[in-house]
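Reader: I've got the file open and would like to go through it piece by piece. Can you take my questions as they come?

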Amino acid sequence: MIDATTQLAGAGGSGPSVPVVELIGITKRFGGIVACDQVDLTLYRSRIHGILGENGAGKSTLMKVLIGLVLPDAGSIRIDGRPCTIHDPLAAAELGIAMVHQHFSLVDQLTVWENVALGEAGRLKSAGVRDRVAAISRQYGLEVDPDAQVGSLTAGLRQRVEIIKCLRRDPHILVFDEPTSVLTPEESEQLFDTLREVVAAEERAVVLVSHKLDEVLHATDEITIMRQGRIVDRRPTQEADVRSLARAMVGREVSLRSERAAFGLAEIEEADREPDGGGEDRQSAETTKSDEPALRIEGVMVKGRGGARLLDDISLDLGAGEIVGVAGVEGNGQRTLGDLLSSLVPLDAGRVVVNGEGVSTGSPGAMAKAGVAVIPEDRHDSGVVLDMTVAENLLMVDPHRAARHGVMDKRTVTGIAQQMIDEFDIGCSGPDAPLWSLSGGNQQRVVLARELAAEPDVLVAAQPTRGLDVGAIEYMTDRLRQTAIGGVAVLLISSELEEILELADRIVVMSRGRVVGELSRAEATLETLGLLMGGSAA
Amino acid sequence: MLYALSVAVALALSSVIVEATGGDWWPVVEALVDGSIKAPGRWGETLGVAAPLLLVALGTVISAKAGLINIGQEGQLLVGAAVAVYFSFLIGGPGPLNVVVLLLFGALGGAVWASLAGLLRFWRGVPEVLSTLLLVFVATQAVGYGLKWQWLLLADEASRGNRNLVSEQLATDNRIPRPDVFGNEFPVTAYVALALALAVAYVLARTVWGFRLRMLGHNPRAAQRSGVSSTTYGATALAIGGAFAGLAGAAMLAGGGFSFGNYRLVPGFSDNIGWTGLLVALMARERALPAVVAAFVFAGLRTGAGFVNSTGVESRITDVVQGLLVLALLVPPAVIFLRDRRRARAAATERV
């Protein structure tokens with residue numbers, strides 16, 4: 001297989017002007033939805049091609065066509081000028097096409113080199129694979145220990161493993177699907193450096209699928225913008241700017257305030273962060289605050305398997321109407337903190353007090369009953385039940401609302417659900433639509449609607465905008481702000497610093513399961529936070 | 001459609017096998033149809049078999065909805081029957097009332113047996129797939145032991161004659177009535193089973209309890225967060241599953257009919273009804289109402305097979321035919337399951 005790819009790479013290597021991949025008139029329907037509508041795309045050697053679009057714009061589908069996960073209904077594919085059909089990922093691999101997936105496809109229980117070797121045919125030679133992993137690591141600056149267990153790695157390191165896995169097959173076309181959604185800013189930076197190198201030195205073609213504008217602007221040579229399954233614009237990156245790209249992508253003007261967070265723009269001017277209209281409202285909410293904090297976390301410790309301290313002596317007070325941001329590089333206890341407040345893990349020490357009353361953490365539904373609502377980090381993990389209907393998902397926490405004597409009334413269920421669907425503008429075919437038929441943004445709205453419907457005193461929002469498109473991020477950000485104004489204490493756990501800086505009144509930084517710093521919004525800048533996150537100024 | 005195709009393939013294969021081994025194919029088909037529904041009194045017989053199958057399947061459906069894989073129905077059924085017969089003779093009492101007592105203790109016996117697996121699961125984390133299965137063998141041995149001792153299950157000498165290992169026979173008025181309907185006789189438990197199927201379907205679809213049980217089965221972490229205790233709900237679901245199997249055992253014991261020990265508990269009494277009930281649930285894809293149809297189909301296969309043996313075709317060959325038909329009934333649900341999952345997955349990844 002490796003022979004075949006090198007041959008191919010050799011055969012087509014005649015400079016950047018020759019297209020490596022041509023997708024012509026690709027059309028793909030899922031039921032009544034047209035995911036791709038007559039899409040053309042041409043990729044060149046030594047170029048990074050950005051594909052920009054909201055969730056559901058069809059960019060992932062297009063890439064799946066390219067790597068053989070989805071068969072198009074119409075259209076043709078040419079690789080190195082030769083027409084071909086790509087029936088499955090194996091065929092794509094033989095043509096030298098590889099993809100780094102948005103969601104990791106790694107096996108947690110295996111080591112790094114084992115994961116890299118996974119899917120190879122023939123006998124497994126551990127020494128050989130290890131050396132190869134090490135060599136690739138060195139060559140591209142993707143440092144990772146070949147013998148580390150993947151489950152113990154941070155998101156950034158896991159992605160490195162994915163990339164190494166990809167590069168090991170020596171593909172000449174590399175597809176990255178939303179690669180930075182789980183990375184810290186520095187990690188993203190590093191990733192793009194690697195990409196540059198891969199492209200410049202080795203004449204590979206790279207596709208970068210993303211909905212982050214700055215990323216596409218910084219890292220690509222050419223940009224294709226997709227909306228609702230069609231290509232709406234295509235231009236060289238030098239001729240593009242944030243505003244025009246945003247317009248093309250969303251198809252409408254986006255409010256300036258959310259734009260910053262939505263597009264993950266790194267350059268936030270100090271002046272912009274002055275309290276604005278929303279701040280005054282919040283001031284008035286603050287005056288009504290009682291002395292009792294809505295949520296008090298006292299000396300909390302949670303041990304993981306093997307006794308590692310996932311949370312170590314965490315103390316945190318959260319007042320009504322206040323938004324406290326929890327910043328930190330992912331994998332430093334944020335997930336456990338979210339789980340703790342979702343009644344999913346018991347405590348090994350300390351206590352959690354909601355409105356003056358201790359909560360027995362870890363017993364089913366205790367936190368929800370105490371008035372803690374949660375938008376979980378991974379909604380598929382504990383936020384929704386994909387195989388149930390929208391209505392059922394909306395009533396998960398409190399089915400008794402729609403029940404009499406333990407029997408749920410169909411009409412009440414539908415009524416309540418429809419009302420929530422309207423209020424939160426959830427895009428679905430109706431209350432009885434299965435949840436998996438909704439887009440990520442709409443699934444997230446279902447979670448938000450349900451959690452807010454419980455009229456909580458505390459709202460925990462963990463990575464609430466991850467993987468959402470611009471419109472959905474804007475909506476979520478506004479909702480969180482309004483919720484706080486309504487007197488709810490909001491704990492915002494996020495690895496997107498811009499998001500935290502935009503929303504939070506107060507910021508705590510977590511590192512290795514501990515709180516390593518606390519800043520008011522006025523004190524906090526990207527630099528100070530970054531230093532704390534990196535553990536430089538504890 | 002899928003079923004028709006799959007059964008047709010199985011029939012075609014069977015015909016080839018029967019003809020190739022020197023048998024006659026058409027009489028085999030006729031015997032199957034005659035034995036299951038066509039011959040006088042046969043569909044009543046089939047219903048009599050379908051009732052316990054349906055009960056077992058309903059229990060399986062409930063456990064499965066909670067995300068638990070109970071495959072020990074054969075043992076739960078046997079224990080249910082044993083407990084039922086023991087208490088029936090211990091308590092005595094007038095006929096109809098004793099039948100109710102018998103059925104209740106049957107359900108209780110099955111529930112307790114399944115709860116052993118529940119206890120291991122939620123106290124010690126032993127996978128219920130293993131514990132329920134292994135408890136089948138324990139049950140067989142335990143009931144065998146009980147049948148050796150007169151103070152437990154063994155009948156006294158006068159009534160057992162020269163047989164070993166049989167329980168006392170239920171008195172005529174302690175049996176479940178088998179009224180005659182259009183020349184077919186079957187125990188009234190068939191109606192009870194049908195009513196229970198409706199009840200299970202209703203409870204799962206409409207009640208808060210059923211809702212939360214399904215939530216637990218689909219996503220335990222979301223359920224935990226929403227206040228569904230996996231221990232309480234899971235253990236209850238397992239116990240109910242066992243109760244249904246035990247009830248089936250008691251109903252077989254007191255219902256009489258085709259090969260069910262003639263109102264006595266004997267070794268091997270469960271006669272694969274537990275296993276087959278599991279297949280019924282599988283064919284119904286763990287839904288209560290389709291299980292009604294599936295139970296009748298499997299029961300028909302069983303009663304029909306009795307007639308096939310008299311066609312002169314070698315019994316091993318007819319076993320193969322039966323096996324092929326069972327397989328034909330189980331392939332479509334598996335195909336549908338895989339297709340649905342692939343679709344759901346494609347949709348989920350498409351829309352992330």
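Reader: How many of the residues in strand β13 (residues 323-327) of chain A are buried?
Author: Keep in mind that this is a predicted model. Strand β13 of chain A is mostly covered. The count of buried residues there is five of five.

Reader: And which residues of β13(A) point the opposite way from A:Val324 and A:Val326?
Author: Side chains in a regular strand alternate between the two faces of the sheet. In β13(A), both sets are buried, whichever way they point. Opposite to A:Val324 and A:Val326 you'll find A:Ile323, A:Gly325 and A:Ala327.

Reader: Which residue in β20(A) stands opposite A:Val326?
Author: β13(A) pairs with strand β20 (residues 489-493) of chain A in the parallel sense, over four bridges. Across from A:Val326 in β20(A) is A:Ile493.

Reader: What about β21(A): which residue there stands opposite A:Val326?
Author: Strand β21 (residues 506-511) of chain A runs parallel to β13(A), and four bridges join them. The residue of β21(A) opposite A:Val326 is A:Val508.

Reader: Moving to helix α17 (residues 440-453) of chain A, what span should I expect from its 14 residues?
Author: The rule is 1.5 Å a residue, counted over one less than the number of residues. The end C-alpha atoms of α17(A) are 20 Å apart, which agrees with the expected span. That expected value is 20 Å.

Reader: Why call α17(A) largely enclosed by the rest of the structure?
Author: Look at what covers its buried residues: β16 (372-375), α16 (410-423) and α18 (470-485) of chain A are among the elements. The buried residues include A:Arg445, A:Arg450 and A:Glu451, along with A:Val446 and A:Leu448. The helix counts as largely enclosed because the buried share of its residues is 12 of the 14.

Reader: Which residue following α17(A) has a positive phi?
Author: The phi in question is near 45°. The residue is A:Glu455.

Reader: Now the largest nonpolar core: which helix gives the largest share of it?
Author: This core has 262 residues, and those touching the most other members include A:Val458 and A:Leu492 as well as B:Leu54 and B:Ala57. The largest share of the core is 16 residues. They come from helix α11 (residues 230-255) of chain B.

Reader: Last one: what percentage of chain A's residues are buried?
Author: Chain A has 20 helices and 22 strands, in a chain of 538 residues. The buried portion is 50%.

Conventions. Residues are numbered from 1 along each chain as its sequence is written. Chains are lettered from A and ligands numbered from 1 in the order in which they are written. This is a predicted model: local features need pLDDT of at least 70, side-chain atom pairs count only at pLDDT 80 or more; totals for chains, interfaces and linings use all residues. A residue is buried if 20 or more other C-beta atoms lie within 10 Å of its own, exposed if 12 or fewer, and partly exposed in between; C-beta atoms are placed from the backbone. Helices (H or I, at least four residues) and strands (E, at least two) are DSSP runs, numbered from the N terminus. Two strands pair if DSSP finds at least two bridges between them. A nonpolar core is a set of buried Ala, Val, Leu, Ile, Met, Phe, Trp, Tyr and Cys residues joined through C-beta atoms within 7 Å. Two residues are in contact if their C-beta atoms, placed from the backbone, lie within 7 Å.
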